[in-house]
Every structure is written in structure tokens, then in C-alpha cells.
Amino acid sequence: MNQVCGFQRNAESVASHTCRVQEHRWVNARYKYLKLQAEADLVAATRPGQFYQLKCPVTEASQPFLLRPMSVYGTGPAPGEIQFLYNVTGTGTQALASLAVGDSMQIVGPLGNTFTVKPEFRRILLLVRGVGLATLAPVVREAAQAGVAIVAVMSARSPEDLMRGEFLGTAPAEVHCVYDSDGSSEVSRVESLIRGLLADGGTDAVYTCGSQRLLMLLQRVLQDFPDVLGEVAMEQHMACGMGVCLSCVRLFDVAGSKQFLRVCRDGPVFAIRDVVGEVQYG
Ligand SMILES: Cc1cc2nc3c(=O)[nH]c(=O)nc-3n(C[C@H](O)[C@H](O)[C@H](O)COP(=O)(O)OP(=O)(O)OC[C@H]3O[C@@H](n4cnc5c(N)ncnc54)[C@H](O)[C@@H]3O)c2cc1C
């Protein structure tokens with residue numbers, strides 16, 4: 001099966017866009033949902049897995065300098081609407097959290113490549129943890145629209161952190177939830193679960209985002225399922241987001257050739273099999 005991730009080299013058309021904040025609310029104690037009104041053409045061109053660089057406002061408490069990368073959580077339902085789901089962690093996202101409905105803000109994008117979701121797939125499996133669900137939610141919607149069966153393994157600290165509704169919406173899915181709070185998210189237990197779910201040979205692709213531990217687990221498991229496509233969206237610290245500054249390079253092994261690739265421009269979606277886990281420098 002082709003292991004090349006969905007591809008959209010569109011930096012030539014990337015620009016800064018002024019948007020209006022249409023909706024902005026807390027989803028739980030740590031995550032906020034942000035809906036912006038942008039140009040309809042821009043939003044229509046945005047694909048699952050792509051991201052935007054968000055210009056966070058300068059406030060009294062926070063003076064974020066760099067733009068912050070955020071995956072597109074969703075588009076629509078009205079033309080030009082673009083949605084983000086983000087964890088309020090540090091300087092940039094705290095400043096972002098202060099935006100009020102009606103404010104304007106700048107976003108740059110869409111950036112990066114896309115997941116491969118083929119309408120002929122019979123079933124896909126998504127392994128998601130934390131804010132990785134924001135990145136993978138568009139895959140759920142695309143698969144559901146194409147009639148592809150969805151199996152989701154959702155991992156979280158506790159049931160309160162899960163955000164099942166935010167991830168799956170109304171999409172029909174077989175869902176397995178695992179938690180740190182009861183030990184069910186332990187790597188060996190998740191690995192057994194995933195192996196069991198793949199065992200019947202009916203899964204065409206596996207996707208993940210949000211946890212290096214789960215990524216490495218999948219890489220190990222996929223060695224025993226060579227026909228299953230595996231893709232991951234990497235979340236690497238980055239500055240420009242357009243492939244110029246090289247601050248987000250990571251080492252990959254593409255068909256036996258070791259290469260440093262830019263997560264922002266060559267990714268953020270990569271074949272799980274190509275990721276090099278532990279790198280010893282010097
Ligand atoms: C392609 C891409 C898509 C992303 N999509 C989302 C998303 O949909 N929702 C979401 O909540 N977050 C997402 N992130 C992570 C998000 O960009 C960071 O959480 C954010 O930049 C933190 O900014 P800050 O100033 O609030 O925090 P900082 O003060 O800069 O950092 C706070 C914490 O976030 C971590 N962090 C900072 N930058 C990154 C980064 N680029 N990647 C991973 N961890 C980082 C730091 O290690 C620290 O633990 C994405 C990152 C990338 C690269």
C-alpha cells in the first residue's frame with residue numbers, strides 16, 4: 001500500500017488572513033474552542049491534518065512573539081468558518097484565550113500536508129490522546145462522510161479529560177476509552193487492545209497524534225501488519241511554520257535513507273514507519 005501521506009505543497013499561496021472571532025468558549029477546564037470567520041475560499045482549500053499559525057494577541061500579562069501552530073479542528077458549517085480546539089498552556093495560548101467574540105486576529109495558512117483518507121477504505125483506526133484529537137477530528141468527519149467504518153481508541157488522564165463528543169461528534173464509531181486514572185492506558189494494555197482490533201485484517205489505515213509513547217507503540221505493532229497504512233501528525237516546536245527557519249526538523253528513515261525533514265513543510269503528517277524514535281546526538 002502506498003505510504004506517501006496526503007500531499008499539498010501550497011506555500012506559494014499561503015498568506016496572512018484577518019479573521020473575526022465568531023465563537024470562543026471553554027470546553028472543559030483546560031481546552032478552549034475557537035471559531036473564526038475567514039474567507040470562504042481559504043477555508044474550502046483547507047484539508048484534514050493541515051494547520052495554521054495563529055497570531056496571539058499581546059496582553060498585559062503575555063507578549064507572545066512567535067505565531068503558534070494550531071491544527072484545523074473543523075471547517076463550516078457556514079462558508080468561511082474555521083474551528084480550532086486548543087489547550088491553554090503557556091504565554092501564547094493564554095493570550096489567545098483572552099480574545100472576545102467580535103475581535104479580529106491574523107492567521108497564516110493553510111500550512112502543511114494532509115492525511116491520506118481514501119473513500120475505498122473499509123475501516124480506519126484512530127489512536128488519540130490529549131489535544132491530538134483536535135488534529136484527528138477532521139479525519140473522523142471525512143471517513144464518516146465517505147462511509148468508512150471508524151474505530152477510535154481514546155486515551156486520557158481521566159474520563160473528565162476525554163472529550164469524546166468533541167472528537168467524534170455524531171459520527172458512528174466503535175469507541176474504546178482508556179485512562180491513566182485506572183491504569184487502562186498503560187502501554188502494554190493499549191498494545192494488546194490495538195493488536196486485537198487489527199487482528200481480523202479489516203483495517204486499512206491507522207492514524208495517531210498527541211503522544212510519542214503511542215506513536216512508538218503503533219510503529220511496533222505495524223511491523224506485524226505490513227498492509228496497514230500508518231500516519232502520524234507530529235507536533236514539533238516551530239517558529240516560521242513554512243520551512244524556512246528549520247527549527248522543527250526531525251530525523252526520519254524513509255525507505256532506508258536517514259533524512260532530516262521539516263515537520264512544518266514536509267509534514268506535519270508522516271508515515272508512522274518512517275519516524276525515528278530515539279536520536280542520540282554527538
Ligand atoms: C502542527 C501543529 C499543530 C498543533 N495543533 C494543536 C492544536 O490543535 N491544539 C493545541 O492545543 N495545540 C496544538 N499544537 C501545539 C501548540 O502549538 C502549542 O501548545 C502552543 O504553541 C503552545 O504555545 P504557548 O505559548 O501557549 O505555550 P509555551 O509557553 O510555548 O509552551 C507551553 C507548553 O506547550 C509546549 N509546546 C510549545 N510549543 C509547542 C509545539 N509547537 N508543539 C508541541 N508542544 C509545544 C511546551 O513544551 C510547553 O509544555 C500544535 C503544534 C503543532 C506543531
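In the predicted model, domain 1 and domain 2 bury about 1,300 Å² between them, and 54% of this area lies on carbon and sulfur atoms. On the side of domain 1, the area buried against domain 2 is supplied to 43% by Arg 30, Pro 48 and Tyr 73, a share that exceeds that of any other three residues. The two parts correspond to residues 11–111 for domain 1 and residues 115–233 for domain 2, as given by the domain assignment of the protein chain, and their C-alpha centres are separated by 25 Å. To the contact, domain 1 contributes 14 residues and domain 2 contributes 16 residues.

The polar component of this interface comprises 7 residue pairs in polar contact, counted where both residues have pLDDT of 80 or more. With respect to secondary structure, strand E6, which spans residues 81–87, provides 3 residues to the side of domain 1 that touches domain 2, the largest share of that side. In terms of residue character, the same side of domain 1 divides into 7 nonpolar, 5 polar and 2 charged residues.

Between domain 1 and domain 2, the count of salt bridges is 2, while the count for the model by the same rule comes to 12. A salt bridge is formed by Asp 161 and Arg 30, for which the closest N and O atoms are 3.2 Å apart. This pair joins distant parts of the chain, with 131 residues separating the partners: Asp 161 is located in the loop between strand E9 (149–156) and helix H4 (164–168), whereas Arg 30 is located in the loop between strand E1 (15–26) and strand E2 (31–37). Arg 30 is also one of the three residues named above for their share of the area that domain 1 buries against domain 2. A further salt bridge is found between Glu 142 and Arg 47, with a distance of 3.0 Å between the closest N and O atoms.

The ligand is surrounded by 19 residues, of which Arg 68, Pro 69, Asn 87, Gly 92 and Thr 93 are the closest. For Pro 69, a backbone N or O atom is placed 2.6 Å from an oxygen atom of the ligand. A polar backbone atom of Gln 236 lies 3.2 Å from a nitrogen atom of the ligand, whereas His 237 presents a polar side-chain atom at 3.3 Å from an oxygen atom of the ligand.

Terms used. Residues numbered from 1 in each chain as written. Predicted model: local features only at pLDDT ≥ 70, side-chain atom pairs only at ≥ 80, totals over all residues. Heavy atoms only, no water. Domains from an automatic or database assignment. Contact = heavy atoms within 4.5 Å. Buried area = accessible area lost by both parts, 1.4 Å probe. Salt bridge = Lys/Arg side-chain N within 4 Å of Asp/Glu carboxyl O. Polar contact = N/O pair within 3.5 Å; in protein donor to acceptor, adjacent residues only side chain to side chain. Helix = DSSP H or I, 4+ residues; strand = E, 2+ residues; numbered from the N terminus. Nonpolar A, V, L, I, M, F, W, Y, C, P; charged D, E, K, R; others polar. Near = heavy atom within 4 Å.
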